[in-house]
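Notebook open, coffee poured. I want to go through this structure piece by piece and jot down what I look up.

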Amino acid sequence: MGMSVTISAATEQDAEQILKLQYLSFQSEAALYGNYRIDPLVQTLDSVREEVARDCVIVARLGEEVVGSVRGRVGEDGAAVIGKLCVHPRLQGHGIGARLLRAVETALTEKHGATRFRLHTGHRSENNLRLYRRVGYETVGTDQGTDGVPMIVLEKPAGSYAATA
């Protein structure tokens, strides 16, 4: 009998698993850009611990294993910045990313008063762009990541969930 993936708030004990998952999951992004110094690959365990303590961090679990993660934080303007969405490579394409996005959006709205959501992804990251657009995000601009990767910035208002999410 198979186990089902559960979605919940991250705990301090999850930080190390989140970092390892992030490192594994972002290898394909690094390869896409030929840049293995992208932000998710150089983040430290201490900074992940700080994010878990400070921000809204959601994880997907398969049993005790963290197989997905996403983070968000609401700014003073009411916009929640969502980032570092990752799903274990062996489980990608099964809707876990969309479930994580919905969970973090709900938590950011209900617990932190978010009025809109903003996220970014690399300009060559077609799978990411497809997911974000499917769940209601629209391109609002471009940016340059601190790691030098050209980024597409997407937003959507809080409370708007795509029917296919």
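My entries below cover a helix pair, the nonpolar cores and a handful of polar and charged residues.

**Entry 1: what I am looking at**

I note first that this is a predicted model. I looked up local features where pLDDT is at least 70, and side-chain atom pairs only at pLDDT 80 or more.

**Entry 2: H1 against H4**

I started with the pair H1 (residues 15-25) and H4 (residues 45-54). Their axes come within 9 Å and cross at roughly 120°. I logged the handedness too: H1 passes H4 in a right-handed crossing.

Which residues of H1 meet H4? On the H1 side I find Ala15, Glu16, Ile18 and Leu19, and on the H4 side Leu45, Val48, Arg49 and Val52. Sorted by type, the residues of this contact come out as six nonpolar, two charged and no polar.

**Entry 3: the nonpolar cores**

Next I pulled the largest nonpolar core, which has 28 residues. Which of its members touch the most others? The answer is Ile82, Leu100, Leu101, Leu108, Tyr132 and Tyr137. Then I checked which elements give two or more residues to this core: strands E2 (56-62), E3 (65-74), E4 (79-87), E5 (116-122) and E7 (150-157), plus helices H5 (96-112) and H6 (126-134). H5 gives the most, with seven residues.

I took Leu108 as a sample member. Leaving out residues up to four places away in sequence, Leu108 touches Cys56, Gly72, Arg73, Val74, Ala80, Ile82, Gly113, Ala114 and Phe117. There is also a second, separate core of 18 residues, and its members include Phe26, Val59, Val66 and Cys86. As background for both, nonpolar side chains tend to be buried together in soluble globular proteins.

**Entry 4: Asp55**

I moved on to the loop between H4 and E2, where Asp55 sits. Buried or exposed? Asp55 has a relative accessible area of 15%, so I file this residue as buried, the cut-off being under 20%.

I then looked up the polar partners of its side chain. One polar contact of 2.8 Å joins the Asp55 side chain to that of Arg54. Another, also listed at 2.8 Å, goes from the Asp55 side chain to the side chain of Arg73. Beyond four places in sequence, Asp55 touches Gly72 and Arg73. Both of those names are also in my list for Leu108.

**Entry 5: Gln22 and Glu51**

Gln22 lies in H1. Its relative accessibility is 0%, so Gln22 counts as buried. Skipping neighbours within four places in sequence, I find Gln22 in contact with Pro40, Leu41, Gln43, Arg71, Lys84 and Cys86. I also checked a distance: the C-alpha atoms of Gln22 and Arg73 are 51 residues apart along the chain and separated by 18 Å.

Glu51 is in H4. At 12% relative accessibility, Glu51 goes down as buried. With neighbours within four places set aside, the contacts of Glu51 are Gln43, Val57, Arg71 and Lys84. I underlined Gln43, Arg71 and Lys84, as these names turn up for Gln22 and again for Glu51.

**Entry 6: Lys84**

That sent me to Lys84, which is in strand E4. Phi of Lys84 is near 50°, a positive value in a residue other than glycine. With a relative accessible area of 25%, Lys84 is partly exposed.

**Entry 7: Gln27 and Arg90**

Gln27 is placed in helix H2 (residues 27-33). How accessible is Gln27? I get 26%, which counts as partly exposed. Not counting residues up to four places away, Gln27 touches Tyr36 and Leu41. The C-alpha atoms of Gln27 and Asp14 are 13 residues apart along the chain and separated by 20 Å.

Last stop is Arg90, in the loop between E4 and H5. Arg90 is partly exposed at 45% relative accessibility. Its contacts past four places in sequence are Leu62, Glu65 and Val67. With Glu65 there is also a side-chain polar contact of 2.8 Å. For distance, I noted that the C-alpha atoms of Arg90 and Arg54, 36 residues apart along the chain, are separated by 29 Å.

Notes. Residues numbered from 1 in each chain as written. Heavy atoms only, no water. Axes fitted to C-alpha atoms, helices over the stretch in contact; angles between N-to-C directions. Helix = DSSP H or I, 4+ residues; strand = E, 2+ residues; numbered from the N terminus. Left-handed = near helix turned anticlockwise from the far one by under 90°. Contact = heavy atoms within 4.5 Å. Nonpolar A, V, L, I, M, F, W, Y, C, P; charged D, E, K, R; others polar. Core = buried A, V, L, I, M, F, W, Y, C linked by side-chain atoms within 4.5 Å. Buried < 20%, exposed > 50% of the residue type's maximum accessible area, 1.4 Å probe, protein only. Polar contact = N/O pair within 3.5 Å; in protein donor to acceptor, adjacent residues only side chain to side chain.
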